[in-house]
Amino acid sequence: MRVVLVAGTTETAKIPGISAAGAEPSLVGHTPSADAEIIEYGEPVRSPVTPVSPTGCPTPAAVTRAVKQLTGFDVLTVDAGLAKPSAAPTIDVGARPGRDIRESEPVPTAPGAFEAARRMGLALPEDELVIGETVPGGTTTALAVFRALGEEFPVSSSLPDNPTSLKEEVVAEAFEASDVEPGFAAHKPRRAARYLGDPVLPVVAGLTVGALENGIDVTLGGGTQLLAAAALARHAGANGDLTLATTSYLAEDVPELADAAEAFDLELTVTDPGFETHPLDRYAAGEAKEGAGMGGALMLADRMGVLDDVEAATLDVLSTLDPEAVETGTGTAAADAGGADAGGVDADADIDDGP
């Protein structure tokens with residue numbers, strides 16, 4: 001069994017007030033690269049800083065790393081448009097960093113990256129995959145993709161108070177910039193991602209489609225961003241059993257989650273890690289409710305009977321990342337601070353958006 005982390009960036013994350021995936025907008029570009037290193041090595045290696053929210057909430061990658069240590073699952077990181085280099089081994093599917101969705105065609109590599117990821121899913125020798133994501137600003141692009149597909153489901157936020165009005169304003173500007181209307185990309189998922197998304201969404205969707213075609217059991221470990229990826233996969237015609245595994249913090253924030261899962265024929269698994277110790281209590285307070293595969297990792301911990309050990313293991317990870325944060329509850333870490341060809345598809349090529 002393997003956990004796949006799909007890591008990428010979008011300039012949308014730099015819009016003030018959109019994301020808590022960094023102490024300040026100028027640093028969020030380092031978050032996905034650092035998350036991959038933390039899950040792989042237990043600490044940043046090439047990335048200059050440890051991702052934290054503006055209030056000091058640690059990256060969910062620390063939780064995923066802790067579960068990796070407890071259960072021993074293998075990790076594969078897919079470069080889905082990283083803006084900064086990462087020391088974690090990565091698979092390249094030809095994605096490039098996404099532009100601000102308020103620009104026309106912010107993800108031109110979406111069709112090619114989708115197809116390369118699908119071919120990767122077809123080739124993986126696995127019985128089960130858990131797919132997670134790390135892309136700051138991704139709930140806003142997920143909202144835009146829902147609208148492009150003609151779906152009306154809400155999205156969550158890495159912030160305690162979801163800036164819904166700001167996201168709706170950004171999405172409206174994105175549709176105007178691309179000169180399209182909501183629903184224009186129904187059953188055309190690559191087009192939805194190309195004109196309204198981020199580079200992570202088509203890669204997760206393509207990987208999901210290929211893995212399901214390959215007979216692999218797929219769990220999307222995350223929140224409303226991966227719900228949007230599931231919508232893309234279903235709009236691509238993907239059949240087969242598909243699970244969404246998320247945290248209780250995310251589920252409590254999105255009352256419509258069960259209805260949305262049912263609409264896309266997803267089995268919904270919600271895991272409560274029971275975090276109480278600072279700084280993990282920041283998750284329960286509504287920050288960083290999901291991300292970096294945390295929901296999928298917690299599902300695996302529960303399945304393997306080690307869920308009660310996750311809090312202590314995560315604190316051990318954090319003691320390496322930022323000892324002062326664990327000891328005093330304040331923290332000194334500022335925020336966010338290679339690959340093989342998967343499938344031989346050039347994402348820069350002129351590939352038709354297709355279905």
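Me: Why is Ala88 called buried?
Reply: Buried means under 20% relative accessible area, exposed over 50% and partly exposed in between, with a 1.4 Å probe and protein chains only. Ala88 has a relative accessibility of 2%, so it counts as buried. The residue belongs to the loop between strand 2 and strand 3 (90–92).

Me: On what kind of model do such statements rest?
Reply: This is a predicted model, in which local features need pLDDT of at least 70 and side-chain atom pairs count only at pLDDT 80 or more, whereas totals for chains, interfaces and linings use all residues. Residues are numbered from 1 along each chain as its sequence is written, and side-chain values use heavy atoms, with hydrogens and water left out.

Me: Which residues are in contact with Ala88, leaving aside its neighbours within four places in sequence?
Reply: Contact means heavy atoms within 4.5 Å. Ala36, Glu37, Glu40 and Tyr41 are in contact with Ala88 on that basis. Between the C-alpha atoms of Ala88 and Val45, 43 residues apart along the chain, the separation is 8.3 Å.

Me: How do you know that Glu37 has no salt bridge?
Reply: A salt bridge requires a side-chain nitrogen of Lys or Arg within 4 Å of a carboxyl oxygen of Asp or Glu. Lys and Arg count as positive, Asp and Glu as negative, while His and the chain ends are not counted. For Glu37 the nearest side chain of opposite charge is Arg46, 6.4 Å away; Glu37 is nevertheless buried. Glu37 is part of helix 1 (residues 31–41), and beyond four places in sequence its contacts include Pro44, Val45, Arg46 and Ala88.

Me: What makes strand 1 and strand 2 a pair?
Reply: Helices (H or I, at least four residues) and strands (E, at least two) are DSSP runs, numbered from the N terminus. Two strands pair if DSSP finds at least two bridges between them. Strand 1 and strand 2 (residues 74–79) have six bridges and run in the parallel sense, with Val3 opposite Val75 in strand 2. Strand 1 is also joined by six bridges to strand 4 (residues 128–134), again parallel; there Val4 has Ile131 as its bridge partner.

Me: What makes strand 1 mostly covered?
Reply: Five of the six residues of strand 1 (residues 2–7) are buried.

Me: How do you know that helix 6 is mostly covered, and what covers its buried residues?
Reply: Six of the eight residues of helix 6 (residues 189–196) are buried, among them Arg190 and Arg194. The cover includes helix 3 (110–123), helix 4 (138–149), helix 5 (164–178), helix 7 (200–213) and helix 8 (224–235).

Me: Why is Ala261 called buried?
Reply: Its relative accessible area is 1%, and therefore Ala261 is buried. Ala261 is located in helix 10 (residues 257–263), and beyond four places in sequence it contacts Leu227, Leu266 and Leu268.

Me: Where does pLDDT stay under 50?
Reply: pLDDT is the predictor's confidence in each residue, from 0 to 100. Residues 330–352 stay under 50, and for them the model has 72 contacts beyond four places in sequence. The protein averages a pLDDT of 86, and 86% of the residues score at least 70.
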